[in-house]
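Reader: I am new to this structure and would like a close look at one part of it. Please take one helix and go through what it packs against, then place that in the rest of the chain.

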Amino acid sequence: MPSRRRLTPEQRRDELMDVGARLFGERSFDEVAMEDIAAQAGASRALMYHYFPTKGEFFAAIWKRAHDRLLAELRIDPEEPVRTAVYRSLVAHLDFYRAHIPLVLIANRTALAADPAVRGPVVEDLNALCERVLDACGATGHTREVAAAALAGWIAFIREVAVEWLAHQRISRDEVLRMCMATLDATAGAQLDLTAPPRR
């Protein structure tokens, strides 16, 4: 009988999250049991609860890991207009959401949606993008405060439109993109020069 792989605590935690992400993609949140995840990962129930005391915290960890990976891939090119970088970032987010529809709907359309641990990764991810935009545009003082408020509203708009798109499929991804960019231009674009390259 082959010997069991020896994993570091971080590798074991990642393996549990890999199994959980797959199961949450196949079943509703309520149908996924922590014991099933542990069994499929070849781990004990006690180890599962050692890493993740509740199913809500487990889902939040999966959601945060996915957003951390997405944010790590997003860059503002010093040679292109800031608006182009924002557009590329928005495309990456929408493609990420489309590839993880079950996770997105769990995070936005279930009782977990109000949990700060679940909403946090989305907010932190998009807030980090907004800070990069403000820095790239050289926004300071009151202009930065007004633009930051506009970007916060834009984030809320993106979240609602994206969830509507994924939940009902009544509009296309390109329509979502156009709508979100038009909203950006009308809000933050009134405060920032998004057509210029980042300020060095």
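Author: What follows is an account of helix α8 and its neighbours, with a few other sites after that.

The model is predicted. The protein chain has nine helices and zero strands, so its pattern along the sequence reads α-α-α-α-α-α-α-α-α, with helices defined as DSSP runs. Along the principal axes, its C-alpha atoms fill a box of roughly 65 × 40 × 30 Å. The chain has 200 residues, and 43% of them count as buried. Among contacts with a separation of 6 or more, 70% are between residues 24 or more positions apart.

Helix α8 covers residues 141–168. Two of its packing partners are described here, helix α6 and helix α9.

Start with α6, which spans residues 101–109. The axes of α6 and α8 are 10 Å apart, and the two helices pack at an angle of about 125°. That angle makes α6 oblique to α8, because angles over 145 degrees would be needed for roughly antiparallel and 65 to 115 for roughly perpendicular. The crossing of this pair is left-handed. On the α6 side, the residues that meet α8 are Ile101, Val104, Leu105, Asn108 and Arg109. On the α8 side they are Arg159, Val163, Glu164, Leu166, Ala167 and His168. Sorted by class, the contact of α6 with α8 has six nonpolar, two polar and three charged residues.

Now take α9, residues 173–186. The axes of α8 and α9 come within 10 Å and cross at roughly 165°. This makes α8 roughly antiparallel to α9, since the cut-off for that term is over 145 degrees. The crossing of α8 and α9 is right-handed. From α8, the contact uses Leu151, Trp154, Phe157, Ile158, Val161 and Trp165. From α9, it uses Arg173, Val176, Met179, Cys180, Thr183 and Leu184. These residues divide into ten nonpolar, one polar and one charged.

Between α8 and α9 there is a loop, and Gln169 lies in it. Gln169 has a positive phi of about 55°, although it is not a glycine. Most residues other than glycine have a negative phi.

The cysteines are the next topic. How many disulfides does the structure hold? It holds zero. For Cys130, the closest cysteine sulfur is that of Cys137, 11 Å away and too far for a bond. From the side of Cys137, the closest cysteine sulfur is in Cys130, at 11 Å. A disulfide needs two cysteine sulfur atoms within 2.5 Å, so a pair at that distance does not count. Cys130 is buried, with a relative accessible area of 7%. Cys137 is buried too, at 8%.

One loop elsewhere completes the picture. Ile76 sits between α4 (55–73) and α5 (82–99). Is Ile76 buried, exposed or partly exposed? Its relative accessibility is 23%, so Ile76 counts as partly exposed, the cut-off for buried being under 20%. Leaving aside residues up to four places away in sequence, Ile76 touches Ala85, Arg132, Val133, Ala136 and Pro198. Ile76 and Ser89 are 13 residues apart in sequence, and their C-alpha atoms are 8.8 Å apart in space.

Notes. Residues numbered from 1 in each chain as written. Predicted model: local features only at pLDDT ≥ 70, side-chain atom pairs only at ≥ 80, totals over all residues. Heavy atoms only, no water. Axes fitted to C-alpha atoms, helices over the stretch in contact; angles between N-to-C directions. Helix = DSSP H or I, 4+ residues; strand = E, 2+ residues; numbered from the N terminus. Parallel < 35°, antiparallel > 145°, perpendicular 65-115°, else oblique. Left-handed = near helix turned anticlockwise from the far one by under 90°. Contact = heavy atoms within 4.5 Å. Nonpolar A, V, L, I, M, F, W, Y, C, P; charged D, E, K, R; others polar. Buried < 20%, exposed > 50% of the residue type's maximum accessible area, 1.4 Å probe, protein only.
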